[in-house]
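Thank you for making time for this. I would like to walk through one model with you, starting from the place where two chains meet and ending with the sheets of one of them.

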Amino acid sequence: MKDEAFYRWIIFLKKIRFGWLAPFFLLLKGESPRDQLKAIFHGVALPLISVLVFFWLWDLTSRQIVTKFGTVPGPKQVWSAWKGLGNEKRLENIKEKEHAHRVRQKRLKSMDRYASVLEDFPGEIESGLTSPAVEAAMNQATELFERANELMQIYNRVSVAASLDEAKSTAEGLQFAESKELAGNIIAKVVPMEIAYRNHEEAYRADPKWNTLPGDTDAESNAKMDLNRSESRILAAEKVALLIERQKMTTQSTLKAFSLISSLPKGMRDHLASSDRAAATMYVPLKQWYEKVLAEEATGGAKYKNKVKLKMLLKAFENKVYTGKDTYVSQIYTSLTTVFFGFIIASVIAIPLGLLCGLNEGINNAMNPIIQIFKPVSPLAWLPIVMIVVGAVYVSDDPMFEISFLNSAITVALCSLWPTLVNTALGVSTTNKDYLNVALVLKLGWFKKITKIIIPAAMPLIFTGLRLSLGVGWMVLIAAEMLAQNPGLGKFVWDMFQNGSSETLSMIMVAVFTIGIIGFMLDTIMLSLQEFVSFE
Amino acid sequence: MDSLITLKNVSKHYGQGHQRTDVLQEINLDIREGEFVAIVGYSGAGKTTLISLIAGLLKPSSGQVLQKGDPITEPDPSRALVFQNYSLLPWLNVWDNISLAVNQVFPAWTNQKRKEHIQRYIEMVNLAPAIQKRPSELSGGMRQRVALARALAMDPSVLLLDEPLGALDALTRANLQEEIARIWSENKKTVILITNDVDEGILLADRVIPLTRGPGATLGPSIQVNLARPRNRKTLNHDEAFKLLRQRVIDFLMKKSHSKHTATIRKTFVLPNILPDDLDAPRTFQSGKSNSVRREELKHERLEVEI
C-alpha cells in the first residue's frame with residue numbers, strides 16, 4: 001500500500017498548510033501533469049510574481065520620497081539592514097567572549113599578586129559548608145552518630161553481661177528518657193538472643209557461622225537480624241561523620257593549597273580563573289574571611305595588615321556575568337514569550353467563561369453587555385490602567401517577571417480574550433440538537449454531556465476563536481511593548497524611531513517584515529491545529 | 001394482552017393563542033411486546049412528533065404515554081431511537097460512537113464483555129471493515145447502519161425508527177430494508193417504524209397504522225399484515241394480498257379527512273374560441289383566421305369546505 005501512504009502524505013501536507021508543495025510531489029509521481037502545472041502556477045508562481053511586482057514597485061516609488069532620515073529605503077537597503085542585524089548578533093557574541101577573556105586575565109593577575117594573603121587564612125572558617133541544607137545534614141548526621149554511639153554502648157554492655165538481670169539493670173540504669181526506651185527495645189530483642197547464645201555456647205565456638213545454626217527459633221533469628229541492622233546503622237553513621245570531617249579538612253587544605261597559587265599547575269589556575277563556578281567556590285570562603293576581618297576591626301580588635309590585598313582578591317573572584325545589549329533575536333524571543341504568556345492567560349479565562357455563557361442563556365445575557373463594551377477597547381486604552389494596577393499590586397523584591405513584561409502580557413490578554421470567549425460561547429450554544437438528543441437518550445450525566453458531546457462539538461469554533469485571539473494578541477503586542485518598554489519587537493521599533501539615524505527606516509521595515517512573517521507563521525500553526533480538531 | 005407501549009388520548013400542540021398549531025389529536029395506540037409496527041403518513045403530518053413523544057423527548061399536551069403502565073417522563077436507553085439524520089457524533093469513529101452508548105448503558109460490565117458486545121453488533125450490520133472510520137468517511141447507508149448498531153447495542157426494550165431510510169437512495173433503501181428485516185428476525189425486538197413509504201411499512205411490519213394528514217393528525221385503524229416471512233420484495237409485488245393491503249392503506253391516506261366536508265360545484269366554462277396554430281401545416285397568409293374552430297368545454301370545479 002505504498003500509494004495509500006503517498007496520498008496520506010499529500011493530505012497531511014494540505015492539513016499543515018503546505019498544500020502548495022503537493023503538486024510537485026504529484027508531478028514527480030506523473031499524475032496528470034497538466035493539472036499539476038496549473039496548480040503550481042496558481043499556488044506558487046502567481047504569489048511569487050505578485051511579491052516580485054510588489055518589490056519592484058516599492059523600489060521604484062521609495063526613491064521618490066525624501067524624509068528627514070533620507071530617502072525611503074528600498075528592498076535592497078532593508079535587506080542590508082537585516083544583514084546588519086545578523087552581524088550585530090555576531091558582534092555581541094564576540095563582545096561576550098572578550099568580556100570573559102578580560103575577567104580571566106584580571107583574576108590570574110590578582111592571583112599572582114595577592115595569593116600570598118591566603119597563608120593567613122583562619123582555620124576556623126568551615127567554608128563551603130555554610131548553606132542551610134548542608135548544616136541540617138550535618139546536624140542530623142551528628143545526632144545519628146551520637147545515638148549510634150549510645151546504641152553501641154548499650155549493646156556492648158548487654159552482650160558482655162553475664163546474666164539476664166545484669167543486662168536489664170544496665171539498661172534501666174540509663175538516665176535519659178529516650179535512652180530508656182532504646183534500652184527497653186534492646187533488652188526485648190537481645191534477651192532471647194542471649195538465652196540462645198548461652199544454650200548454644202559450645203556450638204558457637206565450633207562454628208562461627210551462627211546464622212545458619214540448627215535449632216534457632218524465629219524469634220532468635222529476628223533478634224539477630226535486628227542487631228545486625230543496628231550494627232550497620234552505626235557503621236553508616238560513622239561513615240557520615242567521617243565524611244564530614246574529611247570535607248572540613250578538604251576545604252581548609254584547598255585554601256591552604258591556593259595560598260601557594262603561583263606554584264599551581266597552569267591548567268588548574270586557568271580553570272579557577274575562567275570558570276564562574278570555580279570562582280564562586282573561592283569567593284564564598286574569602287568573603288567570610290573578609291567579613292570576619294571587618295567585624296573584628298569594628299569591635300576594636302587588631303587590624304589585619306593585608307586587608308587591602310584580601311579585598312582585591314575577593315573582588316577578582318566576584319561573579320561577573322556579561323550583560324550586553326539585547327540583540328534582535330533576543331527581542332523576537334521576548335515578544336514571542338510575551339504574546340504566548342498573554343495568550344495563555346486569555347485562553348485560561350476565556351474558554352471556561354465561554355463554556356458557561358454557551359451553556360446557560362441567563363449567564364450569556366448577563367455577560368453580554370460586559371463583553372460588548374470591553375471587546376472594542378484598544379490596547380492603548382488598557383495599557384495605562386494595567387501599568388498602574390500592576391505597579392500597585394505586583395510589588396516584590398525579587399520579582400519572577402519583569403514589570404514591563406507583565407504589563408504587555410496582561411494587555412495582550414485583555415485584548416485577545418474576546419474572540420475566544422465569543423466563539424466558545426457560540427460553539428457551545430449552537431451544539432447540534434441531534435447530538436444533544438443522543439445525550440438525552442443515553443442519559444449522559446451533566447459532566448459527561450459536556451466533555452463527551454458539547455466540548456468536542458464546539459471544538460472547531462473554539463479553535464477558530466483561539467486563532468483569532470492569537471492574531472489579535474500579536475497585533476496588540478507591538479503597541480503594548482512600545483509603550484510599556486518591554487524589551488521586544490515593539491520596543492525595537494520605538495528605539496529605532498527615537499534613534500533617528502539614516503538606518504532608522506530600514507530597521508523599522510525589517511521589524512515590519514519580521515512581525516508580518518511571524519504573525520503569518522502563528523496563524524498557519526493555529527490553522528493546521530484547527531484542521532486536526534475539525535471533524536467535517 | 002400485555003402491551004409494552006400505550007398512548008391514551010394523546011394530543012400535542014405547539015405554541016399558544018393564535019399561534020397555536022395542533023399537531024396530534026386523540027392518538028390511541030397499543031404496542032405489544034415483540035411486535036413490529038409501522039406508522040405510515042405524509043411528510044409533515046407529525047410523525048416525528050409522535051415518535052418523540054414515545055421516546056420521551058417531548059411531553060404530550062394532554063393524554064398519557066405509558067411504558068408497561070408507567071408514564072414516560074424522560075428519554076431512556078430502553079427506548080433506543082434511530083433518527084433520520086443518523087445523529088452520529090462526527091468526531092468519533094464507528095467503534096467509539098457505539099462504545100459511548102454501550103459504556104453508558106452497561107457500566108457494570110467488564111471491558112472484555114463490552115468489547116465483544118460492540119463487535120457483535122458491528123458485525124451484525126456488516127460494518128467490520130469500517131470500524132476505524134469516522135461518519136464523514138461513510139456513505140449514508142453505512143451511517144444509518146452505525147446508528148442502527150448503536151441503538152441495538154443498547155439492548156433496548158423497544159426500538160424507535162424515525163424514517164431511518166428517508167434520506168437514502170432507492171437501491172440502498174431496498175438493501176437496508178432487507179437488513180432490518182433480517183436483524184429483526186434474529187432479535188425479535190419490539191420495533192416502531194415511522195415511514196412515509198407504504199410499501200416499506202407493509203414489507204417490514206406486522207401491523208401498519210396510517211396517520212392522517214395534519215394539522216391535528218390522528219391514527220387510522222390498524223391494518224394487520226399477515227404475509228408470511230421472510231417476505232421477498234420481488235414476489236411480493238405480484239402478491240394479491242400485498243396489493244390489497246397497499247390499496248387499503250393508500251385509500252385511507254388519500255381519503256379526505258373525516259372532519260372535512262366536500263362540496264362539488266359544477267360550473268361550465270366556455271373556453272375562448274381560439275385554436276393554436278398548426279405549425280406543421282404549409283403556411284399561407286390567410287390560414288390564421290379561416291381554419292379556426294370554436295371550442296366549448298365543460299369544466300368541473302371542486303371546492304373543499306371545512307365546517
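What follows is a short tour of the interface, then of two sheets and the helix beside them, and finally of the salt bridges.

Please keep in mind throughout that this is a predicted model, in which local features are described where pLDDT is at least 70.

Let me begin with the interface. On the side of chain B, 22 residues are in contact with 18 residues of chain A, and the area buried between the two chains is about 1800 Å², with carbon and sulfur atoms giving 68% of that area. If you ask which three residues of chain B supply more of its buried area than any other three, they are B:Trp91, B:Leu100 and B:Gln104, which together supply 34% of what chain B buries against chain A.

Turning to the polar side of the interface, there are two salt bridges between chain B and chain A, and one of these brings the side chain of B:Asp76 to that of A:Lys443, at 2.8 Å from N to O. There are also five residue pairs in polar contact between the chains, counting pairs with both residues at pLDDT 80 or more. As for secondary structure, strand E6 (79–82) and helix H2 (94–105) of chain B each supply at least two residues of the side that touches chain A, and H2(B) gives the most, with four residues. By residue class, that side of chain B divides into 13 nonpolar, four polar and five charged residues.

Strand E6 leads us into a sheet. Chain B has an open sheet of six strands in the order E6-E7-E8-E3-E9-E10, with mixed pairing. Why is one side of E6 and one side of strand E10 (223–224) left without a neighbour in the sheet? Both strands stand at the edges, and each has a single partner strand, so there is no neighbour on the other side. Further in, strand E7 (residues 158–162) and strand E8 (residues 190–195) of chain B run parallel and are joined by five bridges, and among the paired residues, B:Leu160 has B:Ile192 in E8(B) as its bridge partner. Helix H1 (residues 47–55) of chain B packs on this sheet, where it touches strand E3 (36–41), E6, E7, E8 and strand E9 (207–211), and its direction makes about 155° with that of E7(B).

There is also an open sheet of four strands in chain B, with the order E2-E1-E4-E5 and antiparallel pairing. Here E2 and strand E5 (70–71) stand at the edges with a single partner strand each, so one side of each is left without a neighbour. Strand E1 (residues 3–14) and strand E2 (residues 21–32) of chain B are antiparallel and pair over eight bridges, with B:Arg32 in E2(B) as the bridge partner of B:Ser3. Six residues lie between the strands of this hairpin, in which B:Gly15 takes a positive phi near 75°. Strand E4 (residues 62–67) of chain B pairs with E5(B) in the antiparallel sense over two bridges, and B:Leu66 has B:Pro71 in E5(B) as its bridge partner. H1(B), which we met on the six-stranded sheet, also lies across E1, E2 and E4 of chain B, running at about 125° to E1(B).

Finally, the count of salt bridges over all chains comes to 23. One of them joins A:Glu4 to A:Arg8, with the closest N and O atoms 3.6 Å apart, and both residues lie in helix H1 (residues 2–15) of chain A, four residues apart, about one turn of the helix.

How values were computed
Residues numbered from 1 in each chain as written. Chains lettered and ligands numbered in written order. Heavy atoms only, no water. Contact = heavy atoms within 4.5 Å. Buried area = accessible area lost by both parts, 1.4 Å probe. Salt bridge = Lys/Arg side-chain N within 4 Å of Asp/Glu carboxyl O. Polar contact = N/O pair within 3.5 Å; in protein donor to acceptor, adjacent residues only side chain to side chain. Nonpolar A, V, L, I, M, F, W, Y, C, P; charged D, E, K, R; others polar. Pairing = 2+ DSSP bridges. Axes fitted to C-alpha atoms, helices over the stretch in contact; angles between N-to-C directions.
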